[in-house]
There are 2 protein chains.
Amino acid sequence: MARGEVGVVATPFTFFVHGLGVIAAVLVLVWCIYFRGGLAFSSSNKSLIFNIHPVLMLIGFVFVASEAILAYRILPGTKEVRKIIHLSLHFIALVLGIVGIYAAFKYHNESGIVNLYSLHSWIGLGTICLFGIQWLIGLVTFFYPGGSQTVKATILPWHVIFGLFVYILALATAELGFLEKLTFLENSGLDKYGSEALLVNFTALVVVFLGAFVILSAVLPTQREPQGYAPIAED
Amino acid sequence: MARGEVGVVATPFTFFVHGLGVIAAVLVLVWCIYFRGGLAFSSSNKSLIFNIHPVLMLIGFVFVASEAILAYRILPGTKEVRKIIHLSLHFIALVLGIVGIYAAFKYHNESGIVNLYSLHSWIGLGTICLFGIQWLIGLVTFFYPGGSQTVKATILPWHVIFGLFVYILALATAELGFLEKLTFLENSGLDKYGSEALLVNFTALVVVFLGAFVILSAVLPTQREPQGYAPIAED
C-alpha cells in the first residue's frame with residue numbers, strides 16, 4: 001500500500017485511536033448500564049446477562065485488540081518488549097472475547113432463544129476462530145519456539161495482512177451486533193429516533209472511525225524515512 | 001503494507017473475485033426473484049420495489065465497483081485505457097447505487113416506513129457520499145483537468161487508501177443490509193434456519209470473501225518485481 005510514499009506518519013492517528021476507544025467504551029457502558037439496566041453473569045433478569053456481551057466484545061475484543069495492533073507503532077522499549085505487549089494484549093482480547101461470546105450463549109440458553117442463526121453470530125464466530133489461529137501462528141512463528149529469520153520474513157507480511165483482515169471482520173461483526181440488537185429493541189417498541197437508538201448508532205459510528213484510524217496507524221510509517229522504504233522489522 | 005515483500009502476485013486472486021462476484025449476483029437474484037417475488041419499480045406489492053434495492057446495491061455498487069478496482073490490476077491495454085475503464089465502471093457503480101438507494105426510499109415512502117433511522121442507512125448514505133467525493137477527486141486529479149505529476153504522486157497513495165476504506169464501508173453496509181432485512185423477515189415469521197435464511201447468510205459470506213480477495217488483489221503486486229519495490233504507476 002505504498003507505505004514509503006505517503007508523506008504522513010502514523011503517530012498523530014494513534015492519538016485518535018486512544019481517544020475514540022475511550023469514547024466507545026464509555027458509550028457502550030452508558031448504553032448497557034444506564035439504558036439497559038446493568039451487567040450480571042447470573043440474574044433472573046436475563047437481559048443483564050446479555051449486556052455482558054457488547055461490553056466485553058467492544059472493550060475487550062475491539063478496543064484492547066486495537067491497542068495491541070498499535071503497540072508496535074507507538075510504544076517505547078525494545079522490540080522484544082513490544083512484541084510481548086502485542087502478544088499479551090491480543091491474548092487478553094481473545095479471552096475477553098471468548099467470555100463475551102459465552103455470555104451471549106448463556107443469555108440465549110436461559111431465555112429459550114436459539115443460537116447461531118444470524119449473520120452476526122456466523123461472522124462473529126468465524127472471526128474469533130480466525131483470530132485464535134492468527135494468534136497461535138504468531139506465537140509459534142515470532143515468539144516461541146520462533147521461526148528462522150527467513151520464515152519470519154516470509155510470514156510477517158501475511159501476518160499483517162491477515163491480522164488486519166481479521167480486525168476488519170471484528171469491526172464488521174460489532175456493527176452487525178449493534179444493528180441486530182437495536183432492531184430487536186425497535187421491533188419491541190423502542191423509539192427509532194429516541195436517545196437510546198441514536199446513542200447506539202453513534203457508538204457504532206465511533207467504532208468505524210476507531211477502526212479506520214487503527215488501520216491507518218498500522219499501514220503508515222512510524223516516522224519519516226528519508227532513506228526510503230523500511231518494512232516493519234521482522235524479528 | 002509491505003507490497004514488495006510478499007512473494008505472491010495478485011493475478012490468481014482476481015479470478016476468485018470474478019467467480020465470487022458472479023456467485024453473489026446469482027444468489028441475490030435467486031433471493032429477490034424466487035423467494036421474494038421479483039422486481040418492480042412500480043407495483044401495488046411494495047415489496048417488489050424494495051427488491052430493486054439489494055439487487056442494484058450488490059450487483060451495481062459492490063460487484064461493478066470490485067471490477068473497477070481490479071481494472072488497473074488485470075486489464076491489458078495502455079494506462080490511459082485502464083484509467084478510463086476504472087473511472088467508467090466506478091461511475092456505473094455510483095449511478096446504480098443511487099438508483100438502488102432511491103428504490104429503498106420509494107419503498108419506505110409508499111409503505112409508510114420511516115427513513116434513515118437504522119445503522120445500515122446511516123453508514124450506507126455516508127458511504128455513497130464518500131464514494132462520490134472520492135470519484136470526483138479522482139476525476140479532477142488523475143483524468144480531467146488532471147494535476148501535475150507531483151500532485152498526482154502525492155494524491156495517489158491517499159486515493160488508494162481512502163478508496164479501499166470506502167470499499168470496506170460499502171461491504172460493511174451490504175452485510176448490515178443482509179442482516180437487517182433478514183431480521184425483519186424472521187421477526188415476521190420466517191424460519192431462522194430455513195432455506196431462505198441460509199441463502200441470505202451464505203450470500204453475505206460470499207460478499208465477505210469477495211471483498212477480501214479484491215483487497216488482496218489491490219495491495220499485492222501484479223507481477224514479481226525482482227528489482228525491488230515498485231509503486232503503482234502514478235500517471
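Among the elements of chain A in this predicted model, helix 4 (residues 119–143) has the highest mean pLDDT and helix 1 (residues 11–35) the lowest. Here pLDDT is the predictor's confidence in each residue, from 0 to 100, and helices are DSSP runs (H or I, at least four residues) numbered from the N terminus.

| Element of chain A | Mean pLDDT |
|---|---|
| Helix 1 (residues 11–35) | 94 |
| Helix 4 (residues 119–143) | 98 |

Over the whole of chain A the average pLDDT is 91, and 91% of the residues score at least 70. Residues 1–5 of chain A, though, fall below 50, with 25 contacts in the model beyond near neighbours in sequence; contact means heavy atoms within 4.5 Å. Where pLDDT is low, the predicted coordinates should not be read in detail.

Now for the two chains. Chain B lands on chain A after a rotation of 180 degrees with 0.0 Å of shift along the axis (RMSD 0.0 Å), using a least-squares fit on the C-alpha atoms of residues with pLDDT of at least 70 in both. That is the relation of a two-fold axis. The copies meet through the same surface, because 100% of chain B's interface residues are also interface residues in chain A.

Inside chain B, helix 1 (residues 11–35) packs on helix 2 (residues 46–74) at about 170 degrees, their axes 10 Å apart. That makes helix 1 of chain B roughly antiparallel to helix 2 of chain B (an angle over 145 degrees). Among the residues making this contact are B:Trp31 of helix 1 and B:Phe63 of helix 2.

Residues are numbered from 1 along each chain as its sequence is written. Chains are lettered from A in the order in which they are written.

Key: Predicted model: local features only at pLDDT ≥ 70, side-chain atom pairs only at ≥ 80, totals over all residues. Heavy atoms only, no water. Helix = DSSP H or I, 4+ residues; strand = E, 2+ residues; numbered from the N terminus. Axes fitted to C-alpha atoms, helices over the stretch in contact; angles between N-to-C directions. Parallel < 35°, antiparallel > 145°, perpendicular 65-115°, else oblique.
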